Amino acid sequence: MARGLVKNLILPSLLLLLLFSLGCSQNDLFGPANITIIQPSPGHCQYSVTPAYFQTLENLNTMSGKVGRVLHSSKNLDKDSDTLRTGYGLKPVDTEFFNSGKSFVPANLDSLFAASLYYSIEVGYLLTKQLDPSIDLAAIIPNFSDTRIIHRAIRSSDPIRNRKEISDNAEYLSVRTSSSLINYFFSYPTEEVKEIPLGLNMGIMNHEFSHLVFQHLFYEPGIKRNMEIGASKPTTHSLAALDEGLSDYFGFLATQDPGYFLCSFPQENRDLAHPKYFTHSVISRIESSSDDYFDSHEGGAVFASIQYEIGQNLSNHQLVGQSLLKLMSNLLTCSSTVSGNTLNFNFADVARCHLGILSTDSRAQQMARQIYQKYLGSYGMNL
Ligand SMILES: [Zn+2]
């Protein structure tokens with residue numbers, strides 16, 4: 001079914017272009033370029049086959065440019081613990097494009113996937129810069145163009161126990177070497193997902209991109225400053241849930257569809273337009289010292305819905321997005337979240353830090369405070 005969707009959308013256009021093709025180029029093709037991909041169009045889960053302008057792409061054949069490169073390996077990347085550090089065995093995807101005159105059209109599914117993956121990461125990069133021009137990830141991350149976007153990644157869910165290979169998922173992973181941090185995005189094979197494959201879901205890939213942004217605006221500067229995570233508050237769980245919540249919101253910003261997650265997983269409670277609360281049980285799972293019942297996506301989804309409602313009520317998601325990028329780095333300096341070099345916070349403290357950022361706009365701050373108080377449960381008292 002997943003492939004059915006791709007076929008229904010892409011094959012008619014491809015057949016047409018095959019008939020009238022101006023020829024297939026095997027020579028190196030250089031970007032920036034227009035490439036026809038499957039991309040979101042206005043509406044819930046609406047995707048169309050249309051040309052997109054790839055402004056950071058340098059080489060179409062290797063799908064590489066300023067924001068990274070698309071790679072594939074037919075081997076299980078977890079077989080050898082060093083593979084991700086060395087990148088050994090990762091090769092460019094065998095891409096092929098037809099030049100329609102107006103755009104380059106992928107000649108097969110692998111080329112379509114590779115181009116769509118690169119485009120998703122480019123959208124995330126440009127969106128971040130557009131929200132806050134001082135955040136140019138290509139300047140912040142020295143090896144940004146070495147970001148590895150893995151198409152049809154083969155990895156084990158639990159390599160030690162030889163568990164089955166991961167499918168129907170996407171992931172951001174940072175791999176530390178002695179000299180650098182290598183950024184990976186994985187798009188795993190589609191098995192059960194019946195709708196939009198995750199690698200083609202612009203919202204989900206931008207959810208993953210937001211994890212990279214958080215890594216480089218929060219975790220990396222925190223590590224450089226020798227920050228520690230204290231134990232007097234549920235900081236580790238709150239951080240994990242916040243990371244997921246920010247990601248859910250930035251996935252929405254990239255698509256303008258608050259229900260983008262449902263385009264791949266229709267049953268999940270991840271529609272940002274559906275209000276959610278920090279109920280007593282959600283809070284107790286965040287505050288639990290055990291990981292057994294804790295799912296970072298649960299509190300994250302509540303946080304994302306709060307941000308969505310703030311943006312809707314202000315008719316200004318741009319402002320919310322800007323403030324959340326600031327929140328990522330300000331967690332390291334806010335008086336409510338850090339003392340000395342120790343981070344200690346729950347979601348009430350995160351909300352206080354966020355309200356501080358919004359203090360330059362009293363209407364936005366007032367609106368955000370009301371919405372936090374409405375949904376934060378016991379965390380919303382005394383805000
Ligand atoms: Zn995530």
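These questions and answers go through a predicted model, from its domains to one helix.

Trainee: How far apart are the C-alpha centres of domain 1 and domain 2?

Mentor: The domain assignment gives domain 1 as 1-196 and domain 2 as 201-383. Take the C-alpha centre of each. The separation is 27 Å.

Trainee: Which element gives the most to the side of domain 1 that touches domain 2?

Mentor: In the contact, 26 residues of domain 1 meet 25 residues of domain 2. On the domain 1 side, β1, α3, α4, β10 and β11 each supply at least two residues. The top contributor gives eight residues, and it is α3.

Trainee: By class, how many residues on that side of domain 1 are nonpolar?

Mentor: Split the side of domain 1 that touches domain 2 by class. Three residues are charged and seven are polar. The nonpolar count is 16.

Trainee: Which peptide bond is cis?

Mentor: Most peptide bonds are trans. Look in the loop between α1 and β1, where Pro32 lies. An omega near -5 degrees marks the cis bond, from Gly31 to Pro32.

Trainee: Is Asp168 buried or partly exposed?

Mentor: Asp168 sits in the loop between β9 and β10. Its phi is positive, near 50 degrees. A residue needs 20 or more C-beta neighbours within 10 Å to be buried, and 12 or fewer to be exposed. Asp168 has 15 inside 10 Å, so it counts as partly exposed.

Trainee: What is the phi of Gln256?

Mentor: Most residues other than glycine have a negative phi. Gln256 lies in the loop between α6 and α7, and 13 C-beta neighbours inside 10 Å make it partly exposed. Its phi is positive, near 65 degrees.

Trainee: What span should helix α11 have?

Mentor: Helix α11 holds 14 residues, 362-375. The rise is 1.5 Å a residue. The end C-alpha atoms of α11 are 20 Å apart, which agrees with the expected span of 20 Å.

Trainee: Within what arc do the buried residues of α11 fall?

Mentor: The buried residues are Ala364, Ala368, Ile371, Tyr372 and Tyr375. Residues three or four places apart point the same way in an α-helix. In α11 the buried residues line one face of the helix, because they fall within an arc of 105 degrees.

Trainee: Which helices do those buried residues of α11 pack against?

Mentor: Start with the face turned away from the buried side of α11. That face carries the exposed Ser362, Arg363 and Gln366. The buried residues of α11 pack against α8, α9 and α10.

Definitions and conventions: Residues numbered from 1 in each chain as written. Predicted model: local features only at pLDDT ≥ 70, side-chain atom pairs only at ≥ 80, totals over all residues. Domains from an automatic or database assignment. Contact = placed C-beta atoms within 7 Å. Helix = DSSP H or I, 4+ residues; strand = E, 2+ residues; numbered from the N terminus. Nonpolar A, V, L, I, M, F, W, Y, C, P; charged D, E, K, R; others polar. Expected span 1.5 Å × (residues − 1). Arc of directions from axis to C-beta.
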